[in-house]
Structure formats: structure tokens, C-alpha cells
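These are my notes from one session with a structure viewer. I wrote down each thing I looked up, in the order I looked.

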Amino acid sequence: MAPIYGRISRRELHSPRSAVAIIVAVVVILLCAWVGAEIVLLVINQPALLATPTELAAGVASISTVPASLLSTIALACALVAVVLLVTAVTPGRRPRHLIDSKRTVTVVDDEVIASALAGRAARVGGINPDDTRVSISHRLATVQLVPTSGQPVQSDSVQQAVQDQLDSLHLRPTLQTRVVVAVGGKVGT
């Protein structure tokens with residue numbers, strides 16, 4: 001059963017690249033349809049939509065007459081699109097989720113749920129209003145931002161320890177490190 005759990009875990013944590021693939025496919029299909037329509041219009045002696053195939057070929061052949069700055073701009077834009085597509089194809093897409101270690105099942109928890117739990121814990125330990133606590137979760141780091149009431153000191157070390165203890169009790173995979181940031185300027189209490 002372990003290989004099945006591994007596949008399920010990977011599928012739940014990584015996002016597919018189908019949106020990018022669909023966009024690229026649609027662009028290629030539209031270009032092919034346009035060129036095909038131009039060829040058909042030429043064969044049946046109708047006016048071209050944008051340019052006849054011979055005009056397109058002549059335009060490509062006369063590319064050397066175009067100013068170098070325009071050519072370099074077009075080349076740079078094409079290279080940028082190619083790099084973005086290559087990076088998108090090679091790097092894994094990550095969903096904002098983590099796994100909870102379990103031998104009997106695959107348990108996936110959304111990062112927003114983890115952030116909410118950590119915010120509540122940090123607010124209780126820090127003695128501040130939960131609305132003044134912000135938590136952001138990345139793949140390997142949980143950042144807790146606290147805005148205390150003016151004149152009310154917050155023990156960032158105790159908050160750090162409490163948040164780390166809560167994360168350790170969840171047995172998340174991949175594990176998260178914590179960072180607590182206490183705002184220098186406090187909020188005026190009500």
C-alpha cells in the first residue's frame with residue numbers, strides 16, 4: 001500500500017501543468033488555423049484575412065531590412081517566453097498543502113488551516129488579539145507576524161517555542177521552521 005500512498009501524496013501536493021499546456025496548445029492551434037485559412041483563401045482566389053502565404057514568405061525573407069533594435073526586442077521577447085515555458089515545464093508546481101505523517105492513510109492539510117491554528121496559538125501565548133496576528137506558510141517556513149498593543153511587551157521566544165511545539169505535534173511533511181516577527185510599533189489599545 002505504501003507506493004499507492006506515495007502517488008496519492010504527490011498528486012495532492014503538486015499541481016499539474018495542464019493550464020500552461022492548454023494555453024500553448026490553443027495558441028498553436030489558432031496559428032495553424034490562421035495559416036490554413038490563408039492557404040485556402042489563396043487557393044479559392046479570395047482576399048486574404050491578414051496576409052497571403054507569399055506575402056508572409058516575402059516578409060520573412062526581408063527580415064534583414066528591419067531595424068536591429070526591433071529584431072533584438074522580438075528576439076528577447078521570444079527568449080523570455082521560451083525561458084518561462086522551460087522553467088514551468090521543469091520545476092514542480094506546488095500546491096499550498098502539507099502532509100500529516102500517518103502510516104495508515106494519507107492526510108493532507110491546507111496551509112491556510114495550519115496558518116489559522118498557528119495564529120490562534122501565537123495570539124494566546126503572546127497575549128494579543130487574534131486579529132493582530134498574521135501567519136504565512138511557505139513550503140518550508142511558517143512566519144508569524146504579531147502587532148502587540150502599545151505598552152504590552154510580547155515574549156517572542158515563548159511565542160516561537162509554542163508555535164514550533166504545535167508544528168512538531170502535527171508531524172507535518174515537509175517539516176516547517178518557524179520565524180516570529182514582532183512589530184516594533186504597537187497598536188493603540190481599545
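**Entry 1. Two loops with positive phi**

Where does H171 lie? I found H171 in the loop between α6 and β7. I keep in mind that the model is a predicted one. I looked up the backbone angle next: phi of H171 is near 55°, a positive value in a residue that is not glycine. I noted the general rule beside it: most residues other than glycine have a negative phi.

I then turned to N45, where phi is near 60°, again a positive value in a residue other than glycine. N45 belongs to the loop between α2 (18–43) and α3 (53–61). Is N45 buried or exposed? Its relative accessible area is 70%, and the cut-off for exposed is over 50%, so N45 counts as exposed.

**Entry 2. A cis peptide bond**

I checked omega at the bond joining R173 and P174. The value is about -5°, and the bond is cis. In general, most peptide bonds are trans. P174 sits in the loop between β7 and β8 (177–182).

**Entry 3. The sheet with β3 in the middle**

I traced an open sheet of three strands in the order β4-β3-β7, with antiparallel pairing. Why does one side of β4 and of β7 lack a neighbour in the sheet? β4 (107–110) and β7 (172–173) stand at the edges and have a single partner strand each, so one side of each is left free of a neighbour in the sheet. I recalled that strands of a sheet pair through backbone hydrogen bonds, either parallel or antiparallel.

Strand β3 (residues 97–100) is paired with β7 over two bridges, in the antiparallel sense. I picked out I100, whose bridge partner in β7 is L172. Helix α5 (residues 111–126) lies across β3, β4 and β7, and it runs at about 65° to β4.

**Entry 4. The sheet with β6 in the middle**

I traced another open sheet of three strands, in the order β5-β6-β8, and here the pairing is mixed. β5 and β8 stand at the edges with a single partner strand each, so each has one side without a neighbour in the sheet. From one strand to the next, the twist averages 15°.

I took the pairs in turn. β5 and β6 are antiparallel and share five bridges, and a hairpin of three residues joins β5 to β6. V135 has V144 in β6 as its bridge partner. β6 and β8 are parallel, over six bridges. In that pair, A142 stands opposite T178 in β8. I also saw that α6 packs on the sheet, where it touches β6 and β8, and that its direction makes about 150° with that of β8.

Which residues of β5 point to one face and are buried? They are T133, V135 and I137, while R134 and S136 point to the other face and are not buried. I noted that α5 lies across β5 and β6 and runs at about 145° to β5.

**Entry 5. The largest nonpolar core**

I looked up the largest nonpolar core and found 20 residues in it. Those with the most contacts inside this core are I114, L118, I137, L146 and L167. At least two of its residues come from each of α5, β5 (133–137), β6 (141–146) and α6 (156–170). The largest share is that of α5, with six residues. As a general point, nonpolar side chains tend to be buried together in soluble globular proteins.

I listed what I137 touches, leaving out residues up to four places away in sequence: H98, D111, I114, A115, L118, A142 and L176.

**Entry 6. α5 against α6**

The axes of α5 and α6 come within 9 Å and cross at roughly 145°. I recorded the crossing of α5 past α6 as right-handed. From α5, the residues that meet α6 are I114, A117, L118, R121, A122, V125 and G126. On the α6 side I listed S158, V159, A162, V163, Q166 and L167. The residues of this contact divide into nine nonpolar, three polar and one charged.

**Entry 7. One residue in α4**

Last, I looked at T88, in helix α4 (residues 68–90). Is T88 buried or exposed? The relative accessible area of T88 is 16%, and buried means under 20%, so T88 is buried. Apart from its neighbours within four places in sequence, T88 is in contact with R17 and V20.

How values were computed. Residues are numbered from 1 along each chain as its sequence is written. This is a predicted model: local features need pLDDT of at least 70, side-chain atom pairs count only at pLDDT 80 or more; totals for chains, interfaces and linings use all residues. Side-chain values use heavy atoms; hydrogens and water are left out. Two strands pair if DSSP finds at least two bridges between them. Helices (H or I, at least four residues) and strands (E, at least two) are DSSP runs, numbered from the N terminus. Contact means heavy atoms within 4.5 Å. Axes are lines fitted to C-alpha atoms, for helices over the stretch in contact, and angles run from 0 to 180 degrees between N-to-C directions. A nonpolar core is a set of buried Ala, Val, Leu, Ile, Met, Phe, Trp, Tyr and Cys residues joined through side-chain atoms within 4.5 Å. Buried means under 20% relative accessible area, exposed over 50%, partly exposed in between (1.4 Å probe, protein chains only). A crossing is left-handed if the near helix is turned anticlockwise from the far one by less than a right angle, and right-handed if clockwise. Ala, Val, Leu, Ile, Met, Phe, Trp, Tyr, Cys and Pro count as nonpolar, Asp, Glu, Lys and Arg as charged, and the others, Gly among them, as polar.
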